[in-house]
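Subject: Structure for your review

Dear colleague,

Please find the structure below, together with its sequence. My findings follow it, and I would be grateful if you read them with the structure open.

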Amino acid sequence: MKTFKTGGIHPPESKFTENLPIENMPVPAELAIPMNQHLGKPAKSLVKVGSEVKKGELIGAADGFISANVHASTSGKVKGVKPLPHPSGQYAMTVLLTADGKDEWAEGLNTEPVNWRGLSKEEVIGRVKNAGIVGMGGAGFPTNVKLSPPPDKKIDTVILNGAECEPFLTADHRLMLESSDEVIEGLEIIASLFGERAKAYIGVESNKQDAIDALSRKASPKGIEVISLKTKYPQGAEKQLINAITGRTIEEGELPFDKGCLVQNIGTAVAVYEAVCKNKPLVDRIVTVSGLEIGKPKNIRAVIGTRFSDISAFCGEPKTGTNQVISGGPMMGKALFTLDVPVTKTTSGILFINNSGIENARERTCIRCGKCVEVCPQGLAPWLLANVAQLRDFDEIQLLGLANCTECGSCTYVCPSKRELVHWIKYAKALVNNRQQRKSA
Amino acid sequence: MISEAFIPAVASLGSVALVLGLIIFYVSKKFHVEEDPTVLIVNDILPGVNCGACGYPSCGQFAEVLVETRDSSMSCPVGGPDLAEKLGSTLGITMAEPKPITAVLLCQGNNDNARETAQYFGIQDCWAATQTYVGPKQCKYSCIGLGSCIAFCDFGAMRLENGLVVIDKELCTGCGACVPACPTGVLVMQEKKAERYFIACNSHDKGAATKKACDAGCIACQKCVKVCDDDAIVIDNFLARIDQEKCTACGKCIEVCPTKVNCILLERDLGEVKQKKAS
């Protein structure tokens with residue numbers, strides 16, 4: 001069974017929600033739609049207080065090359081445009097939308113599916129761009145930019161990322177089971193952009209055998225290969241997935257297209273299908289609501305902008321033992337300070353967990369056991385990076401490959417001294433950035 | 001009786017030492033660098049902490065440039081007027097008197113005044129805390145209170161007290177090393193004065209939001225602006241600021257400030273924070 005070469009861990013899978021079908025969550029009375037749900041420059045808000053919008057109407061326009069459109073997720077009235085808490089932990093410009101309850105689509109959107117084969121390459125990418133599609137696995141890189149690599153880079157491998165290696169999360173798993181036709185159609189659209197040469201793969205971890213079966217039945221007649229991968233974290237990281245499937249290694253400073261690869265998330269593929277064939281902008285996504293402390297764990301389809309507090313009410317309220325709520329998976333997600341943050345295009349899960357032991361788990365000194373080096377998928381020495389970060393030697397730390405760290409959290413997971421290795425690395429990254437900004441200013 | 005075996009050992013080591021000594025002597029003569037003795041004297045007078053407040057990377061560099069240019073406008077903020085006088089008499093020029101400055105914390109959001117949003121268990125450092133979210137305190141402009149700046153202070157003038165950084169005005173030399181060390185920009189440099197009024201708040205939130213987050217926040221009520229006879233107070237983006245050039249330290253503003261804990265502070269030149277509350 002295929003997997004990536006260097007490092008990796010296997011935390012308890014805890015996929016409690018893998019057999020629960022996706023439920024449609026009703027649109028709440030008020031939505032908070034942030035203008036930066038993607039990597040790059042935030043979108044420019046186009047609406048004012050009091051404007052009436054229809055579902056799918058453009059409310060934030062992409063501002064610059066790496067940016068993405070934002071659409072209204074329901075019909076209603078704009079209540080305000082102001083900075084509000086964002087799941088990233090910072091504050092972001094947000095459009096507050098009061099729903100009118102009709103959930104009415106704007107004209108010409110969400111139509112009956114049309115055949116995409118008649119469309120030109122530019123039309124397809126244009127539709128993806130207009131729909132505001134971004135990478136839905138977590139990073140949120142604008143998909144239209146990813147789909148138009150520089151002309152000198154030849155893409156020969158298109159990979160769909162169904163690894164979903166984070167514990168708890170089952171959103172992609174359910175999507176692969178319930179919308180396998182759309183997933184494959186979306187992949188075909190993406191692969192068609194790169195001509196006949198491009199070979200399409202879907203990488204799925206072996207703990208999702210039902211999804212592998214469902215997909216391969218429909219994919220093999222179309223020449224798409226579904227690859228069963230050994231369950232190992234972080235298989236869903238772009239570089240690791242490419243290594244697992246093609247054996248190619250993305251070196252420092254390289255991007256996947258340098259090695260002829262393109263990776264897209266399962267959710268993104270479905271969004272591409274809907275945008276191209278049904279002219280439907282990205283206004284909802286699948287979210288796994290799980291953790292031991294939520295009343296009823298669920299997979300839900302929530303509109304973008306639904307607040308976590310509404311979702312927690314829909315899923316039977318958190319139990320009294322909850323003391324941490326995480327947006328994303330347990331390995332790379334962010335702990336939140338308020339439930340007023342909204343679902344964005346990149347929110348794959350919301351976890352309610354009990355971390356009461358956390359106070360005793362304070363950092364101790366490194367015992368040089370080398371476990372972090374063993375598991376680092378990027379081949380770094382996390383203990384050394386953390387030590388140098390603690391000494392604030394920000395020249396040295398860049399030589400040690402700081403920029404190569406993907407912050408997957410494997411090192412922190414295995415550290416017997418409970419060192420906050422990834423947190424130290426993030427800290428160093430923040431200070432290195434700050435120093436560069438001051439230098440250039 | 002000296003053993004016979006001693007002689008070759010002494011002779012061999014002695015000759016090696018002699019040869020090396022001669023090489024050192026030759027090199028020191030050959031590569032001798034003429035150094036201005038005044039530079040050494042000036043360097044000795046300087047504080048020698050290499051804090052960089054003068055704009056030069058080290059005290060030695062400052063001394064070299066000063067001796068070379070004899071520029072009377074150059075100043076060492078750490079040494080203050082005493083040092084300026086000493087430097088002047090050594091070099092035979094009249095040095096400009098440096099204005100004593102000090103670091104000021106524009107925040108009173110200590111554990112009593114400010115409200116927290118969440119408990120933070122991560123790395124005890126402000127920059128690390130801002131990587132998880134805006135910081136444990138509700139106000140994103142506040143002093144995070146984990147003391148990243150303290151490590152950058154060469155003079156031991158900073159300490160943590162009740163969730164806030166406290167600056168000892170007597171020890172603070174105004175080198176400014178702490179300012180870039182703060183992720184929220186709540187530390188600024190201000191001129192030391194006999195009586196100095198300033199708004200000890202950094203929040204650009206609207207009044208209601210500020211009040212919700214902190215008892216000592218400036219709510220931009222305009223009261224101090226109206227009462228000020230010198231037009232020294234302006235409100236910019238929901239935060240009042242006192243222009244230290246125009247302020248005559250009359251103290252009227254502090255009387256009218258309506259916030260629960262006065263957001264306007266009076267500091268007397270050296271240390272001692274005093275608060276007057278309208279009776």
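In this predicted model, helix α3 of chain A meets helix α7 of chain A through a small set of named residues: A:Asp172, A:Leu175 and A:Met176 come from α3(A), and A:Ile266, A:Gly267 and A:Val270 come from α7(A). By character, the residues of this contact comprise four nonpolar, one polar and one charged.

How are these two helices arranged? Two packed helices are described by the angle between their axes and the distance between the axes. Here α3(A) covers residues 171-178 and α7(A) covers residues 266-278. Their axes lie 9 Å apart and form an angle of about 45 degrees. An angle that is neither under 35 degrees, nor over 145, nor from 65 to 115 counts as oblique, and α3(A) and α7(A) are therefore oblique to each other.

Helix α7(A) also leads to the sheet. This helix lies across β9 and β12 of chain A, and its direction makes an angle of about 85 degrees with β12(A). Both strands belong to an open sheet of four strands in chain A, whose order is β11-β10-β9-β12 and whose pairing is parallel. Which strands form the edges of this sheet? The edge strands are β11 (225-229) and β12 (261-265) of chain A, each of which pairs on one side only. On average, neighbouring strands of the sheet are turned by 25 degrees against each other, direction ignored.

The pairing of β9(A) with β12(A) can be followed in detail. Strand β9(A) spans residues 157-162, runs parallel to β12(A), and is joined to β12(A) by five bridges. For A:Ile159, the bridge partner in β12(A) is A:Val263.

At the level of the whole chain, the domain assignment divides chain A into domain 1 (121-278) and domain 2 (371-440). The centres of these two domains of chain A, taken over C-alpha atoms, are separated by 29 Å. Five residues from domain 1 of chain A and six residues from domain 2 of chain A take part in the contact. On the side of domain 1 that touches domain 2, the residues are three nonpolar, one polar and one charged.

Finally, chain A also touches chain B. How many residues does each chain give to this contact? Chain B contributes 15 residues and chain A contributes 17 residues. On the side of chain B that touches chain A, eight residues are nonpolar, five are polar and two are charged.

Yours sincerely,

A colleague

How values were computed:
Residues are numbered from 1 along each chain as its sequence is written. Chains are lettered from A and ligands numbered from 1 in the order in which they are written. This is a predicted model: local features need pLDDT of at least 70, side-chain atom pairs count only at pLDDT 80 or more; totals for chains, interfaces and linings use all residues. Domain bounds come from an automatic or database domain assignment. Two residues are in contact if their C-beta atoms, placed from the backbone, lie within 7 Å. Ala, Val, Leu, Ile, Met, Phe, Trp, Tyr, Cys and Pro count as nonpolar, Asp, Glu, Lys and Arg as charged, and the others, Gly among them, as polar. Axes are lines fitted to C-alpha atoms, for helices over the stretch in contact, and angles run from 0 to 180 degrees between N-to-C directions. Helices (H or I, at least four residues) and strands (E, at least two) are DSSP runs, numbered from the N terminus. Two strands pair if DSSP finds at least two bridges between them.
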